[in-house]
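Colleague: I'd like to go through this model with you and ask where the labels come from. Could you put it up first?

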Amino acid sequence: MIEILRPTELPRAKKAGALVADILQTLKTRSTVGTNLRDIDRWAESMIAEAGAQSCYVDYAPSFGRGPFGHYICTSVNDAVLHGLPHDYALADGDLLSLDLAVSKEGVVADSAISFIVGDAQPPESVAMISATERALRAGIAAARPGARIGDVSHAIGSVLSEAGYPVNTQFGGHGVGSTMHQDPHVPNAGRPGRGYRLRPGLLLALEPWVMADTAELVTDADGWTLRSATGCRTAHSEHTIAITDGGAEILTVP
Ligand code: MG
Ligand code: MG
């Protein structure tokens, strides 16, 4: 199903987006050397509750996970890239942490992910990989104009990732957003221009380029949720929820 928001619903989508962005920025600031992933999960839980919003994750039980997820945020460290289950782990200097958060506020969902390095160490390969996913995200957003097709967005994202030298996995990617977290259309992180669903004003999309340094193959952790690189290499993930408007794409997950 593809939902198209009425113009009067856009302010609610913006509120949800700003909330997700605010929580992620607060959690980034608090994620220092020694911070436990379980603390990040608890902080997310309390901020979502204080805002009168609902977690999209806690009861989430899709076919690919060992559901329900039972937590409020995905915390993926180093070789973990998607669906990282918060567990008893204290962050170390130089860890690459990805935080992925989706909440529903007043009936509209927003979904965003950020990746960053914890502490003072700045491993150059990790910095470059995070930067590539951020550039790919910006390219995807620029391509998401009304009248463009999903393939144009996928191609824009995939071109940046490939040119930066990363293999691209198309198993998990972006998606439509609306009254629920995961909707059609699927937005793979690589694709052919001119193909697929035509974007129209009122469509909300979560675009989410992610990469692993030297492989496109994922393995599932023993926890049944966390997806890691098959080779143990580091990974990165960047995601925004955008609204297609008459003038182009508007990023909703900004503070
Ligand atoms: Mg997400
Ligand atoms: Mg998403």
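Modeller: Here is a short talk through the metal site, the sheet, a helix pair and some backbone oddities.

Colleague: Before we start, what kind of model is this?

Modeller: It's a predicted model.

Colleague: Okay, the metals. What makes Asp 100, Asp 111 and Glu 239 the donors of the magnesium ion (ligand 1)?

Modeller: Distance. A donor is an N, O or S atom within 2.8 Å of the metal. Asp 100 (OD, listed twice), Asp 111 (OD) and Glu 239 (OE) sit at 2.0 to 2.7 Å, so they pass that cut-off. Along the chain these donor residues are spaced D-x10-D-x127-E.

Colleague: And which residues hold the magnesium ion (ligand 2)?

Modeller: Asp 111 (OD), His 175 (NE2), Glu 208 (OE) and Glu 239 (OE), at 2.1 to 2.2 Å. The same 2.8 Å limit applies. Here the spacing reads D-x63-H-x32-E-x30-E. Keep in mind that water is not among the atoms, so sites may look incomplete.

Colleague: What makes Asp 111 a bridge?

Modeller: Asp 111 coordinates both the magnesium ion (ligand 1) and the magnesium ion (ligand 2), and those two lie 3.2 Å apart.

Colleague: Where in the chain do Asp 111 and Glu 239 come from?

Modeller: Asp 111 is in strand β5 (residues 108–117), while Glu 239 is in the loop between β12 (235–237) and β13 (240–245). They are 128 residues apart, so the pair links distant parts of the chain.

Colleague: Why would you say that Glu 208 and Glu 239 tie parts together?

Modeller: Glu 208 lies in the loop between β8 and β9 (210–212), Glu 239 in the one between β12 and β13, and the two are 31 residues apart in sequence, so the pair joins those parts.

Colleague: How do you know whether Glu 208 and Glu 239 are buried or exposed?

Modeller: Buried means under 20% relative accessible area. Glu 208 has 7%, so it counts as buried. Glu 239 has 1%, so that one is buried as well. Asp 111 is buried too.

Colleague: On to the sheet. What is the strand order?

Modeller: β7-β6-β8-β13-β14, which is 5 strands in an open sheet with antiparallel pairing.

Colleague: Which are the edge strands, and what makes them edges?

Modeller: β7 (183–187) and β14 (248–251), as each pairs on one side only. Neighbouring strands of this sheet are turned by 30° against each other on average, direction ignored.

Colleague: How do you know that β8 really pairs with β6 and β13?

Modeller: Two strands pair if there are at least two bridges between them. β6 (residues 174–177) and β8 have 3 bridges, and β8 and β13 have 4, so both pairs qualify. Among the partners, Leu 205 faces Gly 176 on one strand and Ile 242 in β13, while Leu 204 has Ala 243 as its bridge partner in β13.

Colleague: What makes you say that both faces of β8 are covered?

Modeller: In strand β8 (residues 204–207), Leu 204 and Ala 206 are on one side, Leu 205 and Leu 207 are on the other, and all of them are buried. In a regular strand, side chains alternate between the two faces of the sheet.

Colleague: Next, why is α3 called roughly antiparallel to α4?

Modeller: Helix α3 (residues 124–143) and helix α4 (residues 150–163) pack at an angle of about 155°, their axes 8 Å apart. Angles over 145 degrees count as roughly antiparallel, so the label fits. The crossing is right-handed. Residues in the contact include Ala 132, Ala 136 and Ala 139 of α3, with Val 153, Ile 157 and Leu 161 of α4.

Colleague: Last bit, the backbone. What makes the Asp 184 to Pro 185 peptide bond cis?

Modeller: Its omega is near 0°. Pro 185 is placed in strand β7.

Colleague: And what makes His 83 and Glu 106 worth flagging?

Modeller: Most residues other than glycine have a negative phi. His 83 has a positive phi of about 60°, and Glu 106 one of about 50°. His 83 lies in the loop between β3 (80–82) and β4 (96–105), and Glu 106 in the loop between β4 and β5.

Colleague: Why is His 83 called buried, and what is Glu 106 called?

Modeller: His 83 has 16% relative accessibility, under the 20% limit, so it counts as buried. Glu 106 has 36%, between 20% and 50%, so it is partly exposed.

Definitions and conventions: Residues numbered from 1 in each chain as written. Chains lettered and ligands numbered in written order. Predicted model: local features only at pLDDT ≥ 70, side-chain atom pairs only at ≥ 80, totals over all residues. Heavy atoms only, no water. Buried < 20%, exposed > 50% of the residue type's maximum accessible area, 1.4 Å probe, protein only. Axes fitted to C-alpha atoms, helices over the stretch in contact; angles between N-to-C directions. Parallel < 35°, antiparallel > 145°, perpendicular 65-115°, else oblique. Left-handed = near helix turned anticlockwise from the far one by under 90°. Contact = heavy atoms within 4.5 Å.
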